[in-house]
Amino acid sequence: MATLFGAWLGSRPFGNPDMFCTKRTAKHSPGLKDVNISYETVTFNGSLLKENVFRQDAGPEVDAAWTSLGVDYRSVIVPPDQAESSGLSPSHVQVSEKYGGGFPANVEGLHHLHCLNLLRQSLYYNFDYYHKRGEGAFVNNDAILRFHVSHCLDILRQQLMCTVDIGVLGQVWWNKDEPTAYPDFNTKHRCRNFDVVRQWAEAHQAPDEVPLDYLKPPMDLDHVYAEIP
């Protein structure tokens, strides 16, 4: 009986624990067909005073570091046969069959990083630099920029609440002359292999330049919002 149960268990979806975990904790993504999602233990860099490249003041080096994460990638094109399972309906924007069809869509994890990058750029000690350059989100007037920043803030709030981390922060001693307790932010986490997701999103981007008729027109006005949702 134990042998039969073991064979049955191995044939179930949770026979691959990484895939089972992904399917349990994330909605379907077209990338699941191509990306080998796995998990690894990563120690977070939680240093307060020792900055890494992602924390540097505004400038070309820190911008290059964030760009390398895929924060500026174009939409991926979701194939029609993956649309419904990915939460896309016929009323969503589609590419004209003339150019291969499919649905332009953004990978949400990269949108989260885009939002975090915009919050970084909007920090009081970085804001003037990016505002003066007038690139990316900063091409818009300050009223629209404010909406963009607060949108990003609230998207990240919702994501953090959705995937609330139930780990704990212990405390360590520092200062040999007068030992003082301090939170240990350098904690270990089970993380998905981010770079394979980034590579998939990079490889499946829509073209950089598209013709005017690249997108199919809406099927009818019932599928067009009266205002930005």
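These legends go with a set of close-up views of one predicted model.

**View 1. The whole chain, before zooming in.**
Start with the overall tally: the chain has 8 helices and 6 strands. Read from the N terminus, the elements go α-α-β-α-β-α-β-α-α-α-β-β-β-α. Of the 229 residues in the chain, 25% are buried. The accessible surface adds up to about 16,600 Å², and carbon and sulfur atoms own 59% of it. Now take the contacts with a separation of 6 or more: 67% of them are between residues 24 or more positions apart.

**View 2. Helix α7 and its two sides.**
Here we follow helix α7, which takes in residues 142–162. With 21 residues, α7 reaches 30 Å from its first C-alpha to its last, close to the 30 Å expected at 1.5 Å a residue. Which residues of α7 are buried? They are L145, C152 and L156. Looking down the axis of α7, these buried residues sit within an arc of 30 degrees, so they line one face of the helix. There is a simple bit of helix geometry to keep in mind: an α-helix has 3.6 residues a turn, so residues three or four places apart point the same way. The cover over the buried residues of α7 includes α5 (108–121) and α6 (127–133). Flip to the face turned away from the buried side and you find the exposed residues R146, F147, M161 and C162.

**View 3. The cap on α7.**
Zoom in on the N-terminal end of α7, and N141 is the residue capping it. A side-chain oxygen of N141 lies 3.1 Å from the backbone nitrogen of A143.

**View 4. Helix α8, from its buried face to A203.**
Helix α8 spans residues 194–203, and its buried residues are R198, W200 and A201. Down the axis of α8, they fall within an arc of 160 degrees, so here too the buried residues line one face of the helix. Among the elements covering them are β2 (76–78) and α5. A203 also belongs to α8. Is A203 buried or exposed? It is exposed, because its relative accessible area is 62%, and the cut-off for exposed is over 50%. Although A203 and Y73 are 130 residues apart along the chain, their C-alpha atoms are separated by 9.9 Å.

**View 5. Strands β1 and β6, side by side.**
How many bridges join β1 to β6? There are 5, and the two strands run antiparallel. Strand β1 covers residues 39–43, while β6 covers residues 188–192. To find your place in the pairing, look for Y39, whose bridge partner in β6 is R192. Strand β6 has two faces: H189 and C191 are on the covered one, and K188, R190 and R192 are on the uncovered one.

**View 6. H189 and what it touches.**
This close-up stays in strand β6, where H189 is found. H189 counts as buried because its relative accessibility is 17%, and buried means under 20%. Leaving aside residues up to four places away in sequence, H189 touches E40, T41, V42, F44 and D165. With D165 there is also a polar contact of 3.2 Å between the two side chains.

**View 7. The hairpin of β4 and β5.**
Strands β4 (residues 171–174) and β5 (residues 180–183) run antiparallel and are joined by 4 bridges. A handy landmark is W174, which stands opposite T180 in β5. The hairpin has 5 residues between its strands, and N175 is found in this loop. What is the phi of N175 like? It is positive, about 80 degrees, although N175 is not a glycine. N175 counts as partly exposed, at 28% relative accessibility.

**View 8. N45 in the loop after β1.**
For the last view, find N45 in the loop between β1 and α3 (60–67). A polar atom of the N45 side chain lies 3.2 Å from the backbone nitrogen of S47. Not counting residues up to four places away in sequence, N45 touches N52 and N186. N45 and F185 are 140 residues apart in sequence, with their C-alpha atoms 7.3 Å apart in space.

Notes: Residues numbered from 1 in each chain as written. Predicted model: local features only at pLDDT ≥ 70, side-chain atom pairs only at ≥ 80, totals over all residues. Heavy atoms only, no water. Expected span 1.5 Å × (residues − 1). Buried < 20%, exposed > 50% of the residue type's maximum accessible area, 1.4 Å probe, protein only. Arc of directions from axis to C-beta. Contact = heavy atoms within 4.5 Å. Polar contact = N/O pair within 3.5 Å; in protein donor to acceptor, adjacent residues only side chain to side chain. Pairing = 2+ DSSP bridges. Areas by Shrake-Rupley, 256 points an atom, 1.4 Å probe, with all protein chains shown as cover.
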